[in-house]
Amino acid sequence: MAKIEDLLALEILDSRGNPTAEVTVKLDNGVFATAKVPSGASTGEREALELRDGDKKRYQGKGILKVVDNVLNTIKPAIKGMEPFDQRAIDKRLIELDGTETKSGLGANAILAVSLAVVHVAARALNMPLYKYIGGVDTPTIPVPMLNVLNGGKHADTNVDFQEYMIVPAGLPSFKEALRASTEVYHTLKSILKERSLTTSVGDEGGFAPSLKNNEEPLQLLFKAIEKAGYKPGKDIYLALDPASSEFYSDGKYHLKDEGRTLTSEQMIDLYEGLARVYPLISIEDGLAENDWDGWVKLTKRLGSKVQLVADDLTVTNTKYIKKLIELDGANSVLIKLNQIGTLTETMEAIRMVKSNGWTAVVSHRSGETDDTTISDLAVAANTGFIKTGAPARGERVSKYNRLLEIEYELAGRAVYPGMQAFVSIK
C-alpha cells in the first residue's frame with residue numbers, strides 16, 4: 001500500500017492577486033497530486049481562520065510564508081508514512097496538530113491545501129476520477145449552476161447593496177445545455193448594458209458591475225436578458241440573490257445605503273417577498289445577517305415553502321451551527337465552502353447533515369479563486385444538486401464549469417441533471 005513520502009508547499013496568487021497556498025503530496029510509488037485553496041472577501045465571523053503573515057513589507061501583510069512553513073515543518077513530519085486512502089485519519093491528525101476550534105494554529109489555508117492534495121493523490125493512485133473516488137458507485141448528479149452575472153456589494157465598486165444577482169438554468173435538460181443558455185444570457189446582458197451606456201467591467205466573480213438606481217434594477221435587467229436571449233424566465237431560467245446582508249447590518253438594522261433606507265428584519269422579509277412576487281426568484285442566500293437568528297426563523301416561516309433560503313455566514317460549513325439552524329427550522333438550504341471549515345472530512349459531514357434533514361446543499365467557490373476544480377468533482381460526488389461558481393467568464397470560474405462538462409461527457413448519460421427537482425425543500 002502506497003504511503004505519503006513528501007509534501008511541497010508554495011505561496012501562489014489567487015484571482016485577486018493575493019497570496020494563497022498550493023500543496024503537492026508525493027507518494028512513495030512516485031504518484032503525486034496538487035491542490036490550491038481559495039480565499040473569500042465576504043467572510044462569516046465564525047469561519048475557520050485564513051492565516052496571513054501580517055508583514056506589511058510583503059504583499060501588504062497578506063503573505064502566507066507562515067502557512068508554507070507550517071506545511072513543511074509541522075504537517076509533513078506528522079503525516080509522512082500515512083496511507084493517503086485514510087482521509088478521515090489524516091484530516092483528524094491535521095485538526096489535532098492545529099489544536100484550535102477555528103484552525104488558527106496552522107491556518108485553515110494550510111490544513112485545507114493538505115487535505116485536498118491528499119484526496120487528489122489518493123484518487124490518482126487508484127487511477128480514478130476524483131468524483132468517483134469521493135462519491136463511490138451512487139448515481140451521480142451533475143449540479144444545477146447558479147451563475148453570478150451581476151455583482152454588487154463587496155464584490156464590486158458600485159452603489160448596489162446586494163452582492164450577487166444570479167441566473168439559475170433549472171429548466172434545461174442537461175448541464176451542457178444549461179451552461180450554453182446561461183452563457184447566451186450573459187452575453188445578451190452585456191449587450192443590454194452597452195445599449196444603456198452602462199459599464200461592462202466585471203467584479204471579482206466575473207459578473208458585470210454597473211452602478212444602478214436601486215437594488216431591484218439588476219433583477220429587471222436579468223429578466224430582460226433572459227427574454228431577449230430567447231428563453232422564458234421562470235420556466236427555462238430562474239433568478240437568485242445573495243445580498244450578503246451581514247455586510248450592511250448593524251445595530252439590529254439593515255442599512256441600504258444605495259436606497260437611503262434602514263430596514264428591520266421584518267421589513268427585509270417584506271422586501272424579499274415583494275421581489276419574489278414580481279420575479280421568478282427561486283433562491284435567496286444570506287437574506288438576513290449572520291447574527292439575526294430570530295429573523296432567519298421568521299424568513300423561513302414566510303418564504304420557506306416558495307424560495308430556497310441558503311445559509312452561508314450563519315453556518316460557515318460547520319456542523320455545530322448547521323445543527324442549531326436545523327433545530328430552529330431557520331432555513332432550508334446551506335452553502336458549502338471547503339475553506340470555511342478546513343478539511344474534506346468536515347465538509348462531507350456538513351453535507352450529510354444538511355441532506356439528511358431534507359435540506360439542499362449548494363457547493364460554492366470563493367471570490368478569490370484559483371484554477372483548482374475540486375469543487376466541481378465534490379458537487380458531483382456528494383450529489384448536492386447545486387454549484388455556485390461565478391459567471392461564465394474569467395479563467396478561475398470557467399475552469400469549474402469546463403470540468404463539469406468533462407464529467408458529464410465521461411459519464412455518457414449515466415449522470416442525472418436534476419433541474420427543478422434539485423429544489424427538494426420547496427414544497
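Guide: Welcome! Two strands count as paired if DSSP finds at least two bridges between them, and helices (H or I, at least four residues) and strands (E, at least two) are DSSP runs, numbered from the N terminus. The model before you is predicted, so local features need pLDDT of at least 70 and side-chain atom pairs pLDDT 80 or more, while totals for chains, interfaces and linings use all residues. Residues are numbered from 1 along each chain as its sequence is written, and side-chain values use heavy atoms, with hydrogens and water left out.

Visitor: How do you know that strand E2 and E3 pair?

Guide: Strand E2 (residues 19-27) and E3 share 5 bridges in the antiparallel sense, and the rule asks for at least two, so they pair. One of the partnerships joins Glu-22 to Lys-36 in E3.

Visitor: What makes strand E1 and strand E3 edge strands?

Guide: They belong to an open sheet of 3 strands in the order E1-E2-E3, with antiparallel pairing. Strand E1 (4-13) and strand E3 (32-36) each pair on one side only. From one strand to the next, the twist averages 20 degrees. Helix H3 (residues 108-125) lies across E1, E2 and E3 and runs at about 145 degrees to E3; such angles go from 0 to 180 degrees between the N-to-C directions of axes fitted to C-alpha atoms, for helices over the stretch in contact.

Visitor: Which strands make up the closed barrel?

Guide: Its 8 strands run E4-E5-E6-E10-E11-E12-E13-E14, with mixed pairing. Here the twist averages 30 degrees from one strand to the next. You can see the mixture around E6: strand E5 (residues 164-168) pairs with E6 in the antiparallel sense over 5 bridges, whereas strand E6 (residues 238-242) and strand E10 (residues 281-285) run parallel, joined by 3 bridges. Val-168 stands opposite Tyr-238 in E6. Towards E10, Ala-240 faces Ser-283, and Leu-241 has Ile-284 as its bridge partner.

Visitor: Why is E6 called mostly covered?

Guide: Of its 5 residues, 5 are buried, a word used under 20% relative accessible area (exposed is over 50%, partly exposed in between, with a 1.4 Å probe and protein chains only). Tyr-238, Ala-240 and Asp-242 point one way from E6, Leu-239 and Leu-241 point the other way, and all are buried.

Visitor: What makes Phe-248 and Tyr-254 an aromatic pair, and why is it edge-to-face?

Guide: Rings of Phe, Tyr and Trp (its six-membered ring) pair if their centres lie within 6.5 Å; planes under 30 degrees apart are stacked, over 60 edge-to-face, and the rest tilted. Phe-248 and Tyr-254 are 6.2 Å apart centre to centre with 70 degrees between the planes, so they pass both tests. Phe-248 has a relative accessible area of 9% and Tyr-254 one of 0%, so both count as buried. Phe-386 and Phe-423 are edge-to-face too, at 4.8 Å and 75 degrees. Because Phe-386 lies in strand E14 (residues 385-388) and Phe-423 in the segment after helix H13 (395-411), this pair ties together parts 37 residues apart in sequence.

Visitor: How many aromatic pairs are there by this rule?

Guide: The count comes to 7. Ring pairs link Phe-162, Tyr-165, Phe-248, Tyr-249, Tyr-254 and Tyr-272 into a cluster.

Visitor: How do you know that the charged end of Lys-324 sits over the ring of Trp-293?

Guide: The rule wants NZ of Lys or CZ of Arg within 6 Å of the ring centre and within 35 degrees of the ring normal. Lys-324 meets it, at 4.0 Å from the centre of the Trp-293 ring. Arg-46 does likewise over Tyr-321, at 5.3 Å.

Visitor: What makes something a nonpolar core, and which residues have the most contacts inside the largest one?

Guide: A core is a set of buried Ala, Val, Leu, Ile, Met, Phe, Trp, Tyr and Cys residues joined through side-chain atoms within 4.5 Å. The largest has 131 residues, and those with the most contacts inside it are Val-25, Ile-75, Ile-79, Val-114, Ile-167, Leu-189 and Met-268. H3 gives the most to this core, with 12 residues. Leaving aside residues up to four places away in sequence, Ile-167 touches residues including Pro-145, Leu-222 and Tyr-238, where contact means heavy atoms within 4.5 Å.
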